[in-house]
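Please look at how the strands of the central sheet are arranged in the model shown here, and at what packs against them. The report below takes up strand pairing, burial and helix packing in turn.

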Amino acid sequence: MMQFPETFVWGAASAAYQIEGYDLEDGGGASIWRTFTHTPGKIAYGDTGDIACDSYHRYAEDIALLKELGVRAYRFSTSWARIDPNADGTWNPAGLAYYDQVVDNCLNAGIEPYMTLYHWELPQASQDRGGWESEETAYAFGRFAGMMANHFKGRVKNYFTLNEPQCTTSLGYQQGVHAPGLKLKLPKVFSCHIHQMMAHGLALRAIKAADPDAVVGIASTGNLCYPETETPENIEAARQATFATDADNWIFTHQWLLDPIILGHFPDCPGTRLEPLVKKVTQKQMAIIHCPPDMLGYNIYNGHAVCTGENGPIYIPKYPGYPRTALKWPVTPEVLNWGVRFLQERYKLPGYITENGLSCNDRIYLDGKVHDPDRIDFLARYLTALSRAVESGADIRGYFHWSLTDNLEWHSGYGDRFGLIYVDFPTGQRIPKDSFCWYRKLIRSGRVDPAN
Ligand code: GCO
């Protein structure tokens, strides 16, 4: 089995609203996720992020655990509403001070901060002015990003602008299952997408203007395929299926986000409902959108097996009882091999796996420990597949496990546990799971060993 390079960045990831709690403390502003979780019927079990993992107070403990884990990097996000409550550039110093602490604790522990500036918690004040339906939000985010880079210059080098705009657009503004819970029609949904891409472009330029040494990325998610068996024909079918455009299912693709940003044009969509919308994008908007990042973040959980067929790629149906996680997501390790290779071929930028992991029905056993063999097996399979992508020459520089701790899994509430560390939510107590020890050994050796 292949050895990951010594320079490989092993890390873990989290997001502000999912872990911090106390979002209104010390002058913080409400975000759309606060509004959404406080709207009856939106979140499983009526859960909210009011306390979450209480990382707002327990961040030092979390970072000490990161140090024990031995990671080189921590990907966390900052809550825009905590820092800039009205999204108008008026700083809330106490909110900012929290992130100073997080960053400084990481640096003192020898852990490189990878800061995500937007992981879905739009200030409610901005939503009240139209949210992502409004171009103004893109400019407001650009200003926020510039202020952040100016403030953290010399301490934070790596930034991600937006996390998974695909989810914001689809789940938040089209399906209404995520904040702000809207069910807009296609033209408006499309403009939310455009405004987020503009937000990325404006933020990237603002960060670079404030700190030319910054390394800036965006974290993308979407459909990925892998060949059922590795014949040249099936590999080509999987590549084609990955980047196929379907007018009804364009949002959850990487290419509808990354092609405009990196290649400067939209995927082809002749004769579809998307074509007139693409034509309406102005040159000025496109000039802002076309702004290649320094690196790409891929959030990858699963994909589809594909083989070649007479009329194009065929999606292999899943057999009864196929492997699934507790959230019923398919276990498909090869997506971290082939999916990653296809993305790297197309975009040719340094890549990071910014999220990968699974939910398990973890609990404390009679011996007081949390045994999670499912997670270890999943990680061994997925990281073996990733090692094959790296071995093939794909420029993948790091892996951030989702997640460091169990946390608020958005509309699924606290029922789904993704952490390497168990959180007892009534008390906030942290208990490293077996997978935590397994991952620590992997980081030390750089080798995937299921029997660690
Ligand atoms: C995501 C989300 C995470 C989720 C994770 C598991 O970026 O999809 O960023 O916040 O918790 O993906 O669903």
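N299 stands opposite E355 in β10, within the parallel pairing of β7 and β10 over four bridges; two strands count as paired if DSSP finds at least two bridges between them, and strands (E, at least two residues) and helices (H or I, at least four) are DSSP runs numbered from the N terminus. This is a predicted model, in which local features need pLDDT of at least 70 and side-chain atom pairs count only at pLDDT 80 or more, while totals for chains, interfaces and linings use all residues. Residues are numbered from 1 along each chain as its sequence is written, and side-chain values use heavy atoms, with hydrogens and water left out.

The pairings with listed opposite residues are as follows.

| Strand pair | Bridges |
|---|---|
| β2 (residues 73–77) and β3 (residues 112–118) | five bridges, parallel |
| β5 (residues 215–220) and β7 | four bridges, parallel |
| β7 and β10 | four bridges, parallel |

In β5, G217 stands opposite M295 in β7. Five of the five residues of β7 (residues 295–299) are buried, so this strand is largely enclosed by the rest of the structure; buried means under 20% relative accessible area, with exposed over 50% and partly exposed in between (1.4 Å probe, protein chains only). M295, G297 and N299 point one way from β7, whereas L296 and Y298 point the other way.

These strands belong to a closed barrel of eight, β1-β2-β3-β4-β5-β7-β10-β11, with parallel pairing. The twist averages 25° from one strand to the next, where axes are lines fitted to C-alpha atoms, for helices over the stretch in contact, and angles run from 0 to 180 degrees between N-to-C directions. Helix α5 (residues 93–108) packs on the sheet, touching β2 and β3 (contact means heavy atoms within 4.5 Å), and its direction makes about 170° with that of β2.
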